[in-house]
Amino acid sequence: MRKIFLQIGATRDGQNPYCAVAKCDGYFTVLAEMGDFVDYQSLSIPLPFDLIVRLDRPENPWDVLQACLHAGLMEHPHVVLAGFEAYNASAGRVRELLAGPDAGASFIPPDKYAQRMALRKAWQRFPQPEFRFFASPLSIRDARDALLYPCVIKPVDGGGGLGIWLVKQASQLDAVIGKLVDTMNYGGRGFSGFIVESWLAGDEYSLQGVAADGHAVALTCCQKVIEHHSDADGCISFYESGHVAVAAQQLPASFTSLMSFCCETFGYRQGAFHIDFILVNGEPHFLEMGFRLSGMGVVNLVQEVTGINWAEVAFHIEAGHGMPPLHFPPQPQAVGRVRLRQRLQYDAAERWIEQHQRGQLLPPLNLPALAVSPRSSLYADLTRHAGILATFRLAATSRDEILAVFHQILEVSSLTTRRDLLCAE
């Protein structure tokens with residue numbers, strides 16, 4: 001009887017680390033994904049799975065199982081994992097359905113609001129931004145006078161920074177609400193709700209780790225590179241442009257406590273995870289937890305700074321083999337990657353590499369920028385993941401050194417824009 005690995009949803013960074021591990025371990029590999037997205041991503045990369053199951057709603061676990069049956073997959077998968085954040089809950093439900101009623105409840109990843117409420121109710125509270133839940137964008141508009149500004153609006157079940165806006169003052173709210181009304185979730189779905197939270201000033205971080213039998217281990221700690229973009233209405237959106245990773249052998253005690261507390265509070269006992277937080281006056285404030293491998297090529301960063309294959313460790317845990325021995329390098333370095341979306345940034349990175357004889361410009365996943373309706377199942381993917389010119393990779397002994405270079409490169413375009421505006425005046 002063959003071993004089957006089912007991945008629900010393709011990764012959006014073009015990496016297929018779970019598939020590679022599964023193939024090495026002798027699994028028959030299956031991808032369940034929207035047909036439109038399979039066709040779109042196949043324009044750029046060959047998908048390495050043995051079988052691709054096309055369906056309209058990968059977020060629906062019954063649809064996934066039904067589509068697998070129609071595709072001729074008669075055996076139950078041994079390992080089921082999500083390749084993309086939007087399908088994490090679906091993967092949990094599929095595992096639960098396959099295990100049957102006698103196996104007990106499976107872990108179903110909570111959305112952002114459920115995470116915040118669980119932490120708020122826990123006996124030991126970690127700080128987090130003040131927040132409120134709203135069912136729709138229009139209900140946020142109705143509460144304009146009750147909101148504290150500046151605030152951040154984010155969908156509870158989005159991904160990749162989709163639909164996240166900074167509202168500095170009440171006069172900007174109508175424009176942002178108009179954009180949210182027209183924004184569809186991945187796959188052309190609606191959002192199930194929104195959080196409006198107080199804006200905090202600080203550096204954003206993410207821990208990458210694995211849990212086995214309830215024991216959590218951090219592999220790397222990444223400092224994020226965040227870009228802010230203002231549109232013609234003055235509305236500010238966020239792009240997570242890059243990460244600078246270091247090995248996590250010696251984390252601050254507050255980081256380790258946050259990791260353990262999150263896994264315990266959410267009941268997450270096995271698999272890959274990443275935890276996003278913002279450091280305010282030296283204290284980590286929880287933002288969200290992802291119960292999967294990080295995107296944006298962070299899997300590669302983890303291996304580069306630790307020598308550990310994050311996907312391999314997580315897959316073997318999910319397959320029931322437990323936590324393997326983990327060996328960190330004796331002299332770790334920092335490694336960073338940042339996405340370049342503008343030609344000025346690309347040219348500045350090219351000049352920096354030539355001048356310093358360090359760093360690399362890695363070719364992007366060449367996803368074509370198609371013109372589609374905002375109601376298209378591909379609209380969210382085209383908005384968040386297309387149009388990247390290159391990824392600038394840099395290694396150094398210091399995380400701060402890499403961050404300084406990245407910010408210098410990214411700032412080039414905004415400096416030019418400000419100079420052009422001054423000249424026009």
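Here are a few questions and answers on the cores, one helix and one long-range contact of this predicted model.

Residues are numbered from 1 along each chain as its sequence is written, and side-chain values use heavy atoms, leaving out hydrogens and water. As this is a predicted model, local features need pLDDT of at least 70 and side-chain atom pairs count only at pLDDT 80 or more, while totals for chains, interfaces and linings use all residues.

Q: Which helix gives the largest share of the largest nonpolar core?
A: A nonpolar core is a set of buried Ala, Val, Leu, Ile, Met, Phe, Trp, Tyr and Cys residues joined through side-chain atoms within 4.5 Å, and buried means under 20% relative accessible area, exposed over 50%, partly exposed in between (1.4 Å probe, protein chains only). The largest one has 79 residues, with Trp310 and Phe315 among those with the most contacts inside it. Helices are DSSP runs (H or I, at least four residues) numbered from the N terminus. The largest share, 6 residues, comes from helix α10 (residues 310-318).

Q: Is Asp36 buried, partly exposed or exposed?
A: Asp36 sits in helix α2 (residues 35-42). Its relative accessibility is 44%, so Asp36 counts as partly exposed.

Q: How far apart in space are Asp36 and Leu378, C-alpha to C-alpha?
A: Not counting residues up to four places away in sequence, Asp36 touches Ser377 and Leu378, where contact means heavy atoms within 4.5 Å. Asp36 and Leu378 are 342 residues apart in sequence, yet their C-alpha atoms are separated by 7.2 Å.

Q: Which residue just after α4 takes a positive phi?
A: In helix α4 (residues 88-99), the buried residues include Ser90 and Val94. Just past that helix, a positive phi of about 90° belongs to Gly100.

Note on methods
Helices (H or I, at least four residues) and strands (E, at least two) are DSSP runs, numbered from the N terminus.
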